[in-house]
Amino acid sequence: MAAPCTVLALESSCDDTAAAVLRRTAGGATEILSSVVHGQAELHAGFGGVVPEIAARAHAETLDHCVEQALEASGLGLDDIDAIAVTAGPGLIGGVVSGVMCAKGLAAATGKPLYGINHLAGHALTPGLTDAVPYPWLMLLVSGGHCQFLLVRGPDDFTRLGGTIDDAPGEAFDKIARLLGLPQPGGPAVEAAAKEGDPARFAFPRPLLDRPGCDMSFSGLKTAVLRTRDALIADQGGLTEQDRHDLCAGFQAAVADVFAEKTRRAMAAYPQVADQTPVICVAGGVAANMMIRFSLETVSKEFGARFIAPPLALCTDNAAMIGYAALEQMALSGPSGMTLAARPRWPLDQTSPAMLGSGKKGAKA
């Protein structure tokens, strides 16, 4: 039986500054003692998206306050912490650096071991935290910067089955919101508008469904919405509110249909384990979209699979998932140490070819 372990975790890969305290008991159960998230939506609202420089500065100013609040909420002090975990990538490099440097300072001051965690692993392992499901499971990780199907066999065993070859869905939602004059962040705004719209009014494409495999594309779908908007403006002299609602509903329905069909294809690679129900999971910020959740839940029923969508607070970026990933990976490898470096790119599947190309800093996805 392993010794109990308490972890202080930090997350700052994009525009959410977060800290959390988690405890794993000797019996293996994991409890979230506290989870604090400070969003930056107001700071970026006037720019139509996240501004990396503003995000990095906000992280540097907020991280220590998040840590204090997380410790206070947990009822613990730094002396009660056994290890420090931090997102070391991938993400906006300024934010990742802010988190890594803060974590290094805490580790150096306390003498606690430091663990650098892949942000994507945090999302991919969340079902183990929320539902204690055994490996393996199929994960659709879908957010503002990432979109991929992963077969999760263990804390450090990920196989990418497919992903986006261009825009991430969250990025596409943000762009559609800007095209239609809706507020940012785009995901919630488009979903709210779509509730009042007719998804069948416009015949938007379902990209790459005519090709085998699990890869996806959302750039062409975004362009189709743009052209439809421009045609409406040319014919009518502008857009009505109903036009906006219908455009959002059609776009959202197309995204949901693509996810549903690609999930069916991904299930073909799911390993059959005796006496174990297949598990289909979704995580990431776009997993908050209820239509997308419903479409994936429908596919799960087709395969007799269990469907898991974590609570919304654990779908979006948070430090609790980073702490859990650290607890899972501690048994497999030692701490990262003070040489830990921030990584803007860090694919989970190290063996599959890069989907979006590579540069001097490594594969993008």
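## Histidine 59 and its surroundings

Let us start inside helix α2, which covers residues 52-74 and holds histidine 59. In this predicted model, histidine 59 has a relative accessible area of 0%, so it counts as buried. Leaving out residues up to four places away in sequence, the contacts of histidine 59 are Ser12, Cys14, Asp15, Asp16, Thr17, Gln40, Gly95 and Ser98. If you have the viewer open, these residues make a handy starting selection.

## Confidence in the model

How far does the predictor trust its own work? The mean pLDDT of the protein is 92, and 96% of the residues reach 70 or more. Strand β1, residues 5-11, has the highest confidence, at 98, whereas strand β11, residues 358-359, has the lowest, at a mean of 39.

There is one stretch to treat with care. Over residues 357-364 the pLDDT stays under 50, and for this stretch the model has 14 contacts beyond four places in sequence.

## Overall build

The secondary structure consists of 11 helices and 12 strands. Measured out along its principal axes, the C-alpha trace spans about 65 × 50 × 40 Å. A compact globule of 365 residues would have a radius of gyration near 21 Å, and the protein has 21 Å, so the two agree.

Of the 365 residues, 53% count as buried. Among contacts with a separation of 6 or more, 71% are between residues 24 or more positions apart. On the outside, the protein exposes about 15200 Å², with carbon and sulfur atoms supplying 54% of that area.

## The nonpolar cores

In soluble globular proteins, nonpolar side chains tend to be buried together. Here the largest nonpolar core has 84 residues, and the members that touch the most others are Trp137, Met139, Phe251 and Phe259. Helix α8 gives the largest share of this core, with 10 residues. Another core lies apart from it and has 24 residues, including Val67, Ile81, Leu114 and Trp346.

Which residues does tryptophan 137 contact, leaving aside its neighbours within four places in sequence? The list is Ala124, Leu125, Pro127, Gly128, Leu150, Leu151, Val152, Tyr270, Val279 and Cys281.

## Aromatic pairs

The count of aromatic pairs comes to 4. In one of them, the ring centres of phenylalanine 173 and phenylalanine 251 are 5.0 Å apart and the ring planes meet at 75°, so the pair is edge-to-face; the cut-off for that class is over 60 degrees. This pair links distant parts of the chain: phenylalanine 173 belongs to helix α5 (residues 169-179) and phenylalanine 251 to helix α8 (residues 241-266), 78 residues apart.

Are these two rings' residues buried or exposed? Phenylalanine 173 is buried at a relative accessible area of 2%, and phenylalanine 251 is buried too, at 0%. Phenylalanine 251 is also one of the residues that touch the most other members of the largest core.

## Backbone details

Most residues other than glycine have a negative phi, and most peptide bonds are trans. A few places here are worth a look with that in mind. Glycine 89 and proline 90 are joined by a cis peptide bond with omega at about -15°, and proline 90 sits in the loop between β4 (83-89) and α3 (93-110). A cis bond also runs from glutamine 184 to proline 185, with omega near 0°; proline 185 is in the loop between α5 and α6 (186-194).

Positive phi values turn up at two residues that are not glycine, alanine 132 at about 50° and leucine 208 at about 65°. Alanine 132 is in the loop between α4 (119-131) and β6 (137-142), while leucine 208 is in the loop between α6 and α7 (219-236). Which of them is buried and which exposed? Alanine 132 has 64% relative accessibility and so counts as exposed, whereas leucine 208, at 12%, is buried.

## Around threonine 316

Our last stop is the loop between α10 (312-315) and α11 (320-330), where threonine 316 is found. With a relative accessibility of 33%, threonine 316 counts as partly exposed. Not counting residues up to four places away in sequence, threonine 316 touches His123 and Gly285. Threonine 316 and alanine 326 are 10 residues apart in sequence, and their C-alpha atoms are 18 Å apart in space.

Technical notes
Residues numbered from 1 in each chain as written. Predicted model: local features only at pLDDT ≥ 70, side-chain atom pairs only at ≥ 80, totals over all residues. Heavy atoms only, no water. pLDDT = per-residue confidence, 0-100. Helix = DSSP H or I, 4+ residues; strand = E, 2+ residues; numbered from the N terminus. Contact = heavy atoms within 4.5 Å. Phe/Tyr/Trp six-rings, centres within 6.5 Å; stacked < 30°, edge-to-face > 60°. Buried < 20%, exposed > 50% of the residue type's maximum accessible area, 1.4 Å probe, protein only. Rg over C-alpha atoms; globule rule 2.2 N^0.38 Å. Areas by Shrake-Rupley, 256 points an atom, 1.4 Å probe, with all protein chains shown as cover. Core = buried A, V, L, I, M, F, W, Y, C linked by side-chain atoms within 4.5 Å.
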